[in-house]
Amino acid sequence: MTEKTKKELNRLYMSELVTALVCGMLMYLLTDSTGQPLDLRLLIPGGVLIFIILQSAGYWYYRYQLVDNPSDPMDWIMPLFSVLKKLDLAFFCLYPLYLLYLLILKPDTFFMTMNIFGLILYAFSIIEYYNYYYYSVQIGVIKKKVPSELRLELSHYEKTKLI
């Protein structure tokens, strides 16, 4: 059982690292293929998405380490994820503020192709945040809300922290 669990956790954190790498490469290739410079319309939502994906990779690596070494509980991890959860919310505010800035002060640069891709990345980052910190988003069971493992651990941490 433990070896199977370790393999699954290894697969999860490695796939998240590869996903972050692929996302970064796609952002670069998108700007390269359109001939437009890499600007904040793509960097902000793409950076937030990569940041959230890397948090997920860190969480699965943490779980892998717990299976590998259960005697070391790594008590600093859950406080870190609690802070990261709040930091993500602050990062989510950056992109709408930047779009508002463009709309008011530079309306001619607002209507560009990069804004469409930026909005897509922004939507994916919100979905990923929801998936990691609240409920698991799975294609087959979208209507059924299954709390994510990170949510369960964070709520346990927050309950014990208040005591």
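Let's start with helix α3, which runs over residues 77–105: its 29 residues reach 42 Å from the first C-alpha to the last, close to the 42 Å expected at 1.5 Å a residue. Please keep in mind that this is a predicted model. The buried residues of α3 are I77, M78, F81, S82, L84, K85, D88, F92, Y95, Y98, L99 and L102.

**The chain around α3**

The protein chain has six helices and two strands, and along the sequence these follow the pattern α-α-α-α-α-β-β-α. Its C-alpha atoms fill a box of roughly 60 × 35 × 30 Å, taken along the principal axes. Of the 163 residues in the chain, 35% are buried. Among contacts with a separation of 6 or more, 68% join residues that are 24 or more positions apart.

**Two nonpolar cores**

Helix α3 comes up again in the largest nonpolar core, which has 28 residues. The members with the most contacts inside this core are Y59, M78, F81, Y133 and L150. Helices α1, α2, α3, α5 and α6 each supply at least two of its residues, and α3 gives the most, with nine. What does L150 touch beyond its neighbours within four places in sequence? L150 is in contact with Y59, M78, F81, Y132 and Y133. There is also a second, separate core of 10 residues, with A20, L30, L42 and L121 among them.

| Nonpolar core | Size | Some of its members |
|---|---|---|
| Largest | 28 residues | Y59, M78, F81, Y133, L150 |
| Second | 10 residues | A20, L30, L42, L121 |

**F124 on helix α5**

Is F124, a residue of helix α5, buried or partly exposed? F124 counts as partly exposed because its relative accessibility is 47%, and that class lies between the 20% limit for buried and the 50% limit for exposed. F124 and F92 are 32 residues apart in sequence, and their C-alpha atoms are 12 Å apart in space.

**The largest pocket**

The largest pocket has a volume of about 310 Å³. It is lined by 18 residues, and those closest to its centre are W60, N131, S136, S148 and E149. Which elements each supply at least two residues of this lining? They are α1 (2–34), α2 (40–68), α5 (113–133), β2 (146–147) and α6 (149–162). By class, the lining has nine nonpolar, five polar and four charged residues.

Note on methods. Residues numbered from 1 in each chain as written. Predicted model: local features only at pLDDT ≥ 70, side-chain atom pairs only at ≥ 80, totals over all residues. Heavy atoms only, no water. 1 Å grid on protein atoms, 1.4 Å probe; cavity = no way out; pocket = protein on both sides within 12 Å on 5 of 7 lines; lining within 4 Å. Points joined across faces, edges and corners; volume = space filled by probe spheres on them. Helix = DSSP H or I, 4+ residues; strand = E, 2+ residues; numbered from the N terminus. Nonpolar A, V, L, I, M, F, W, Y, C, P; charged D, E, K, R; others polar. Expected span 1.5 Å × (residues − 1). Buried < 20%, exposed > 50% of the residue type's maximum accessible area, 1.4 Å probe, protein only. Core = buried A, V, L, I, M, F, W, Y, C linked by side-chain atoms within 4.5 Å. Contact = heavy atoms within 4.5 Å.
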